[in-house]
Amino acid sequence: MSGHGILVIIKALLAGIVAALTAVLGGWDMLLTALVCMMLADYITGLVAAAIKGELDSKVGLKGAAKKILIFVLVAVAAVVDTATGLTGHPLRAAACLFYIGNEGISIVENLGRAGVPIPSWLGNLFARIKAENDQKNE
């Protein structure tokens, strides 16, 4: 098999894996886009803050990445439960995404503070409010 043929097979496998993961996560929408963006921003700001503080540690970074994976597991479980129970609009998945968007936002603000970046108070309050409002809806 030529190098081109192997590349085509690899691309097809990756496309299939991405499609399957997207389906398990309840589809790709703005909530999932926002969550992914927030998770990436949190991870990057955490790395930068740790580097500035001289606290870079591969074990801490790996632990953070593992937590991000577990967040996706919870979103997938919520999407599956939504589907299994016939809930339209994926309300459990949306609640999980919103909770973690708020949580990641708070963490980003904390990371920026650790890095010495001035933060407007309204920004931290916004993410805390998103998280709190979502917590109240789920009680």
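Here is a short chat about a predicted model of a protein chain.

Visitor: How many helices and how many strands are there in the protein chain?
Guide: Let's walk along from the N terminus: the elements run α-α-α-α-α. Strands don't turn up in that list, and the count for the chain is zero strands and five helices.

Visitor: What radius of gyration does the protein chain have, next to a compact globule of 139 residues?
Guide: Start with the box that the C-alpha atoms fill, which is roughly 55 × 45 × 25 Å along the principal axes. A compact globule of 139 residues would come out near 14 Å, but this chain has a radius of gyration of 18 Å.

Visitor: What share of the 139 residues counts as buried?
Guide: To count as buried, a residue needs a relative accessible area under 20%. Going through the 139 residues of the protein chain with that cut-off, the share that counts as buried is 26%.

Visitor: Is Arg93 buried or exposed?
Guide: First, find Arg93 in helix α4, which covers residues 91-114. Leaving aside neighbours within four places in sequence, Arg93 is in contact with several residues, including Leu25, Asp29, Val75 and Asp82. Its relative accessibility is 2%, and the cut-off is under 20%, so Arg93 counts as buried.

Visitor: Is Gly116 buried or exposed?
Guide: Gly116 has its place in the loop between α4 and α5. Its C-alpha atom is separated by 9.7 Å from that of Lys53, and the two residues are 63 apart along the chain. The relative accessible area of Gly116 is 59%, and the cut-off is over 50%, so Gly116 is exposed.

Visitor: Which residues form the aromatic pair, and what kind of pair is it?
Guide: A search of the whole structure finds one aromatic pair. Phe99 and Tyr100 form it, with ring centres 4.8 Å apart and 85 degrees between the planes. Planes over 60 degrees apart get their own label, so the pair of Phe99 and Tyr100 is edge-to-face.

Visitor: And which of those two counts as buried?
Guide: Phe99 has a relative accessible area of 23%, which makes it partly exposed. The other ring belongs to a residue at 17% relative accessibility, and the cut-off for buried is under 20%, so the one that counts as buried is Tyr100.

Visitor: How far apart do the centres of the positive and negative side chains lie?
Guide: Count the charges: there are 11 positive and 10 negative side chains in the protein chain. Each set has its own centre, and the two centres lie apart by 6 Å.

Technical notes: Residues numbered from 1 in each chain as written. Predicted model: local features only at pLDDT ≥ 70, side-chain atom pairs only at ≥ 80, totals over all residues. Heavy atoms only, no water. Phe/Tyr/Trp six-rings, centres within 6.5 Å; stacked < 30°, edge-to-face > 60°. Buried < 20%, exposed > 50% of the residue type's maximum accessible area, 1.4 Å probe, protein only. Helix = DSSP H or I, 4+ residues; strand = E, 2+ residues; numbered from the N terminus. Rg over C-alpha atoms; globule rule 2.2 N^0.38 Å. Lys, Arg positive; Asp, Glu negative; His and termini not counted. Charge placed at Lys NZ, Arg CZ, Asp CG, Glu CD. Contact = heavy atoms within 4.5 Å.
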